[in-house]
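Got your viewer open? Here is a short tour, one selection at a time, with a note on what to look for at each stop.

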Amino acid sequence: MSALLFDGVGFTYPGSAAAALHDCSLRAEAGQVTWLTGALGAGTSTALLSAAGLAPRHTGGDRTGLLLTLGLDPALPSSGAALGGRVALVLPSPATQLSGIAETVAQEVAFAPANLGWPRARIQARVAFAMEALQVTHLARRDPGTLSGGEMQRTVIAAMLALEPELWLLDEPTSALDTAGRALVHALMRREAARGAAVVVASEDTDGLHSVAETLIVFTNGRPALRGPPREVLRGEQVWSAGAASTAIAGLARAAGHAAPRPLTVDEGVALWAR
Amino acid sequence: MTPGSGTAAGRLHPFTPLVLTLCVAVIAVAAPDPLTAAALYAVTVLLVVVTGVGRAALRALVPLAPLWLFLFLLHGVLGEGDRVAVMGLSLSRAGLALAVTQACRLGAIATASLALHASFSPARFVDAVADRGWSFSWSYLLVATLQALPRFRARAGAILDAQRSRGLRLRGSPLNRIRAIGPVTFPLLLGALAEVDERGFALETRCAGEVTRRTPLDPPADRAGDRAARWLASAAAVAAVIWRVFG
């Protein structure tokens with residue numbers, strides 16, 4: 001069974017004439033990183049909100065088609081409790097994902113496990129592990145509201161890691177991070193997939209994803225238009241015609257008139273231009 | 001770190017300052033005469049000083065001073081009945097008594113409230129509620145509302161700065177100020193509404209609505225002294241109400 005299954009899913013926000021998702025079909029498997037990309041408004045964020053059940057439960061609107069998250073329809077009110085703690089959703093603005101009541105980063109990371117009623121010893125162990133993994137242990141006693149954007153984003157991801165989720169839904173999870181922070185989160189995705197979790201990422205940032213994800217899905221107009229192994233997809237021309245972007249080096253090669261397949265990394269670019 | 005965390009007030013069980021503040025408010029409203037109201041104010045100031053949050057008493061004076069002056073003018077100078085001479089002024093005896101009563105009531109309530117604010121720890125309060133097995137939702141609502149105020153103020157400051165840097169005039173004529181209300185208020189409200197939406201998403205995915213009993217991370221100790229203070233204050237409040245109604 002796929003960790004996440006969309007079969008002909010459509011979604012329309014309330015008051016909107018156009019569907020944000022339209023006949024959208026995709027799968028995300030446990031033990032793999034699946035990367036969704038596309039131009040702004042292509043539907044990747046809505047896909048994650050739908051997978052988490054927040055669309056339509058919180059947003060309102062109409063969903064059609066079959067959607068199963070860990071085997072359950074997340075739109076059903078009864079699924080909320082069943083999926084609680086098993087699905088980790090990380091949104092692009094870290095500041096709005098803080099609990100609003102924690103006085104320290106450690107309390108922030110412990111917020112969700114405490115809500116699930118875990119024993120205190122288990123919470124402490126998971127909090128220590130998650131803070132270490134995201135390198136925020138030195139911030140444990142800091143007020144989360146005073147952190148920088150990058151520190152806050154790492155704290156929010158640590159707060160989700162503490163839950164030991166089966167399914168990760170990450171929407172632009174590195175939007176506030178520097179290069180080192182991005183590498184840290186990419187490594188975390190690989191470790192979580194190796195642990196057996198399914199990791200689904202929605203991001204316009206395609207640099208480095210070919211070494212992280214097993215599958216790349218390019219969205220256009222609310223549905224997957226292109227999918228395949230990231231290296232294959234990103235080196236080609238179709239990713240551009242689908243309205244998305246490949247890596248910066250591939251973009252440079254394209255602008256310089258090189259035909260596909262194009263280089264994706266600095267090393268590959270150097271190898272191409274040194275010839 | 002919470003402002004009052006190093007003080008005796010900050011070390012009390014979180015319910016104790018809350019109950020004491022509520023009781024001070026009840027007794028203040030029930031206080032029938034200037035002497036009782038003044039005694040309550042004095043006891044409140046003494047308590048906040050002894051528990052290490054004495055600055056609250058001073059901070060309360062800022063909004064209180066103009067109010068006291070207003071009460072003095074309204075009841076003392078303009079009041080009717082017997083007159084007494086105070087520092088060369090002819091004042092109404094009954095009006096003066098009423099002004100003192102009102103001033104002390106307000107003083108006690110403001111001082112207790114500011115002391116509560118100075119010593120309040122959201123996390124300890126949530127832990128105390130969870131420790132009792134009570135609903136997380138209402139404690140979250142209370143605490144998040146208190147925590148939202150500084151965030152709202154910071155957001156308002158950022159919007160003011162942004163609009164000023166884009167040429168909006170916030171000072172000068174009343175017309176300028178009226179014109180500035182829209183560009184400042186609308187982004188503030190819209191931003192707050194958008195934040196509520198996203199925070200709702202985040203809270204749901206972080207299991208804030210779970211029916212499971214929340215684990216208190218560091219439950220605060222509820223000492224005999226705390227319990228005694230709460231019972232004593234509650235009894236005093238009930239007695240004050242009975243005295244006021246039937247006395």
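Start by selecting helix 7 of chain A: with four residues, this helix gives the largest share of the lining of the second largest cavity. Keep in mind as you click around that this is a predicted model.

**Stop 1: the cavity in chain A**

Now select the whole lining: Ile157(A), Trp168(A), Leu170(A), Val185(A), Leu188(A), Met189(A), Glu192(A) and Val199(A). The space they line has a volume of about 40 Å³. Helix 7 (179-195) has a partner here, since strand 6 (167-171) of chain A also supplies at least two residues. Colour the lining by class and you get seven nonpolar residues, no polar ones and one charged.

**Stop 2: the cavity in chain B**

How many cavities of 30 Å³ or more are there? The count comes to two, so hop over to the other one. Rolling a probe the size of a water molecule over the atoms shows where empty space is left. The largest cavity holds about 60 Å³ of space. To see its lining, select Ala9(B), Gly10(B), Leu12(B), Pro14(B), Pro17(B), Ser119(B), Phe120(B), Ser121(B), Arg124(B) and Phe125(B). Helix 1 (8-11) and helix 6 of chain B each put at least two residues into this lining. By class, the lining splits into six nonpolar, three polar and one charged.

**Stop 3: where the chains meet**

Next, show both chains together. In contact here are 33 residues of chain B and 37 residues of chain A. The two chains bury about 3000 Å² between them, with 55% of that on carbon and sulfur atoms. Which three residues supply more than any other three of the area that chain B buries against chain A? Select Phe201(B), Arg206(B) and Leu217(B): they supply 27% of it.

Turn on polar contacts as well: 17 residue pairs make them across the interface, both residues being at pLDDT 80 or more. On the chain B side, pick out helix 6 (122-132), helix 7 (136-165) and helix 8 (174-205), each of which supplies at least two residues that touch chain A. Helix 8 of chain B gives the most, with nine residues. The chain B side of the interface comes to 16 nonpolar, seven polar and 10 charged residues.

**Stop 4: charged pairs**

Side chains of opposite charge can pair when their charged atoms come close. Over all chains, the structure holds 20 salt bridges, and two of these are counted between chain B and chain A. For one, zoom in on Arg206(B) and Glu108(A), whose closest N and O atoms are 2.7 Å apart. Then select Arg57(A) and Glu204(B), which form a salt bridge at 2.3 Å, N to O. Arg57(A) sits in helix 2 (residues 54-57) of chain A and Glu204(B) in helix 8 of chain B, so this pair joins two chains.

**Stop 5: backbone oddities**

Most residues other than glycine have a negative phi, and most peptide bonds are trans. Stay in helix 2 of chain A, where you'll find Pro56(A). The bond leading from Ala55(A) to Pro56(A) is cis, with omega near 10°. Another cis bond joins Ala260(A) and Pro261(A), where omega is about 0°. Look for Pro261(A) in the loop between helix 10 (248-255) and helix 11 (266-273) of chain A.

Last click: Leu70(A), in the loop between strand 4 (62-69) and helix 3 (77-83) of chain A. Is its phi positive or negative? Leu70(A) has a positive phi, near 50°, though it is not a glycine.

Definitions and conventions. Residues numbered from 1 in each chain as written. Chains lettered and ligands numbered in written order. Predicted model: local features only at pLDDT ≥ 70, side-chain atom pairs only at ≥ 80, totals over all residues. Heavy atoms only, no water. Contact = heavy atoms within 4.5 Å. Buried area = accessible area lost by both parts, 1.4 Å probe. Salt bridge = Lys/Arg side-chain N within 4 Å of Asp/Glu carboxyl O. Polar contact = N/O pair within 3.5 Å; in protein donor to acceptor, adjacent residues only side chain to side chain. Nonpolar A, V, L, I, M, F, W, Y, C, P; charged D, E, K, R; others polar. 1 Å grid on protein atoms, 1.4 Å probe; cavity = no way out; pocket = protein on both sides within 12 Å on 5 of 7 lines; lining within 4 Å. Points joined across faces, edges and corners; volume = space filled by probe spheres on them.
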